[in-house]
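Work through the exercises below with the structure in view. Try each task before reading its solution.

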Amino acid sequence: MSTQPCVPHDEEVAALFERHRASLMGLAYRMLGSLAEAQDVAQETYLRFRHAVRQEDRVIESAAAYLHKIAGRLCLDQLKSARSRRETYVGTWLPEPIVEDSAWQLPAAARTADISFALMMTMDLLTPPERAAFLLHDVFELPFSEVAEAIAQNEAACRQLAARARRRLNALPTHAKPADDHARALVQTFLVAAGSGNVEAMRNLLANEAILYSDGGGKVLAARKPVYGADRICRFYAGLSVKYPLRGHVQVRVLRINGMPGAVVAVNNEVIQTFALQFDAHERIEAIYSTRNPEKLRGLAVMFETHA
């Protein structure tokens with residue numbers, strides 16, 4: 001006597017998906033650099049997974065791999081349109097900032113691997129297939145046979161794609177990671193110096209070859225190109241402090257942004273920018289990542305709604 005296979009209830013499918021949601025969000029954020037798009041990918045992955053389970057319940061046996069393959073394919077599709085948008089992006093592009101302990105952003109479980117701005121910006125220089133092959137295999141531990149299915153390439157090609165990405169990412173220099181208390185003090189000193197236009201104080205904090213990346217997206221004031229060199233960065237902030245001083249109720253929260261020492265700055269409860277600082281071996285600032293594009297700061301408003 002034959003029996004019909006027992007198809008899991010939607011509640012069971014949803015519970016299984018939730019066990020992997022953080023990992024899927026982490027994959028999509030690293031692929032796309034956008035929280036909103038990562039959330040959309042996660043939701044669409046769930047819908048496709050639920051449909052697949054209804055058609056063939058054996059996908060439950062390899063749920064993690066199946067879910068990551070779906071998300072990987074969705075990200076590759078998304079990158080096709082993202083590429084055209086990026087070509088017309090005004091000024092320097094930075095990924096959407098991720099703030100520590102912000103459950104409303106990216107779950108902590110999705111932030112275990114490096115998501116520093118340096119790595120994310122280098123990741124953005126990889127081709128979409130290179131990025132997908134590297135992330136799916138090296139970070140999310142899918143075998144190359146599964147990666148090949150996800151990105152519609154043969155297994156040998158996937159190995160080459162991941163190897164090229166690995167060489168590029170492994171070439172990134174290592175950076176100093178000051179202890180939390182010391183990092184907070186360095187960030188606070190920088191904020192005071194930059195906000196007041198104190199050139200001497202800023203110069204003491206910056207490495208000679210420091211770089212400032214400022215992302216306004218063409219919507220707010222920001223440097224259109226990276227600012228190279230400590231002296232130019234000092235002049236840039238000194239000019240801002242005179243021409244565009246902050247007015248109103250200024251709030252600053254010093255914390256980690258994308259795993260790096262940084263701060264969120266708000267005026268009258270409206271987030272206007274985030275800073276993340278990268279330090280060299282002598283604990284001098286070698287890179288400043290300043291996100292000012294309002295579209296990338298929307299998710300941080302709740303910080304000041306909650307703590308105002």
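**Exercise 1. The largest pocket**

Task: Find which residues lie nearest the centre of the largest pocket, and which elements line that pocket.

Solution.
- Step 1. Start at the centre. Of the 29 residues that line the largest pocket, Tyr244, Leu246, Ile272, Gln273 and Arg292 lie nearest its centre.
- Step 2. Move out to the elements. Two or more lining residues come from each of helix 8 (180–196), strand 1, helix 10 (230–243), strand 3, strand 4 and strand 5.
- Step 3. Rank the contributions. Strand 5 gives the most, with five residues.
- Step 4. Sort the lining by class. There are 21 nonpolar, five polar and three charged residues.
- Step 5. Add the volume, which is about 700 Å³.

Keep in mind that this is a predicted model.

**Exercise 2. The chain as a whole**

Task: State how many helices and strands the chain has, and what share of its residues is buried.

Solution.
- Step 1. Count the elements. The chain has eleven helices and six strands.
- Step 2. Check burial. The chain has 308 residues, and 50% of them count as buried.
- Step 3. Turn to the surface. About 15600 Å² is exposed, and carbon and sulfur atoms supply 50% of that area.
- Step 4. Look at contacts across the sequence. Take those between residues at least 6 apart; 65% of them join residues at least 24 apart.

**Exercise 3. The sheet**

Task: Work out the order of the strands, then follow the pairing from strand to strand.

Solution.
- Step 1. Write down the order. The six strands form an open sheet in the order 2-1-6-5-4-3, and the pairing is mixed.
- Step 2. Find the edges. Strand 2 (227–228) and strand 3 (250–257) each have a single partner strand, so one side of each has no neighbour in the sheet.
- Step 3. Recall the rule. Strands of a sheet pair through backbone hydrogen bonds, in either a parallel or an antiparallel way.
- Step 4. Take strand 1 (residues 206–215) with strand 6. They are parallel, with six bridges. Leu206 has Ile285 of strand 6 as its bridge partner.
- Step 5. Take strand 5 (residues 270–279) with strand 6. They run antiparallel and share six bridges. Here Phe275 is bridged to Ser290 of strand 6.
- Step 6. Take strand 4 (residues 260–267) with strand 5. Six bridges join them, again in the antiparallel sense. Ala266 stands opposite Val271 in strand 5.
- Step 7. Inspect the turn. Five residues lie between the strands in the hairpin of strand 5 and strand 6, and Glu283 there has a positive phi near 60°.

**Exercise 4. Strand 6 and the loop after it**

Task: Decide whether strand 6 is enclosed or open, then whether Asn293 is buried or exposed.

Solution.
- Step 1. Count buried residues in strand 6 (residues 285–291). Six of the seven are buried, so the rest of the structure largely encloses this strand.
- Step 2. Place Asn293. It sits in the loop between strand 6 and helix 11 (301–307).
- Step 3. Apply the cut-off. Buried means under 20% relative accessible area. Asn293 has 2%, so it is buried.
- Step 4. List its contacts. Beyond neighbours within four places in sequence, Asn293 is in contact with Tyr89, Asp215, Gly216, Gly217, Lys219 and Val220.

**Exercise 5. Helix 6**

Task: Identify the buried residues of helix 6, and find what Glu149 touches.

Solution.
- Step 1. Count again. In helix 6 (residues 144–151), six of the eight residues are buried, so the helix is largely enclosed by the rest of the structure.
- Step 2. Name them: Phe144, Glu146, Val147, Ala148, Ala150 and Ile151.
- Step 3. Turn to Glu149, which is also found in helix 6. Residues up to four places away aside, Glu149 touches Lys69 and Arg73.
- Step 4. Check a distance. Glu149 and Gly72 are 77 residues apart along the chain, and their C-alpha atoms are separated by 10.0 Å.
- Step 5. Step past the end. Ala152 follows helix 6 and has a positive phi, near 55°.

**Exercise 6. The cavity**

Task: Find how many cavities of 30 Å³ or more there are, and what lines the largest.

Solution.
- Step 1. Count them. There is one cavity of 30 Å³ or more.
- Step 2. Give its space, about 40 Å³.
- Step 3. Read the lining: Arg30, Met31, Leu32, Gly33, Trp93, Met120, Met123, Asp124 and Arg131.
- Step 4. Assign elements. Helix 1 (10–32) and helix 4 (117–125) each give two or more residues to this lining.
- Step 5. Sort by class: five nonpolar, one polar and three charged residues.

Conventions. Residues are numbered from 1 along each chain as its sequence is written. This is a predicted model: local features need pLDDT of at least 70, side-chain atom pairs count only at pLDDT 80 or more; totals for chains, interfaces and linings use all residues. Side-chain values use heavy atoms; hydrogens and water are left out. Buried means under 20% relative accessible area, exposed over 50%, partly exposed in between (1.4 Å probe, protein chains only). Helices (H or I, at least four residues) and strands (E, at least two) are DSSP runs, numbered from the N terminus. Two strands pair if DSSP finds at least two bridges between them. Contact means heavy atoms within 4.5 Å. Accessible areas come from the Shrake-Rupley method with a 1.4 Å probe; for residues, only the protein chains shown count as cover. On a 1 Å grid over the protein atoms alone, a cavity is a set of points where a 1.4 Å probe fits but cannot get out, and a pocket is an open set with protein on both sides within 12 Å along at least five of seven lines; lining residues have an atom within 4 Å of a point. Grid points are joined across faces, edges and corners, and a volume is the space filled by probe spheres set on the points. Ala, Val, Leu, Ile, Met, Phe, Trp, Tyr, Cys and Pro count as nonpolar, Asp, Glu, Lys and Arg as charged, and the others, Gly among them, as polar.
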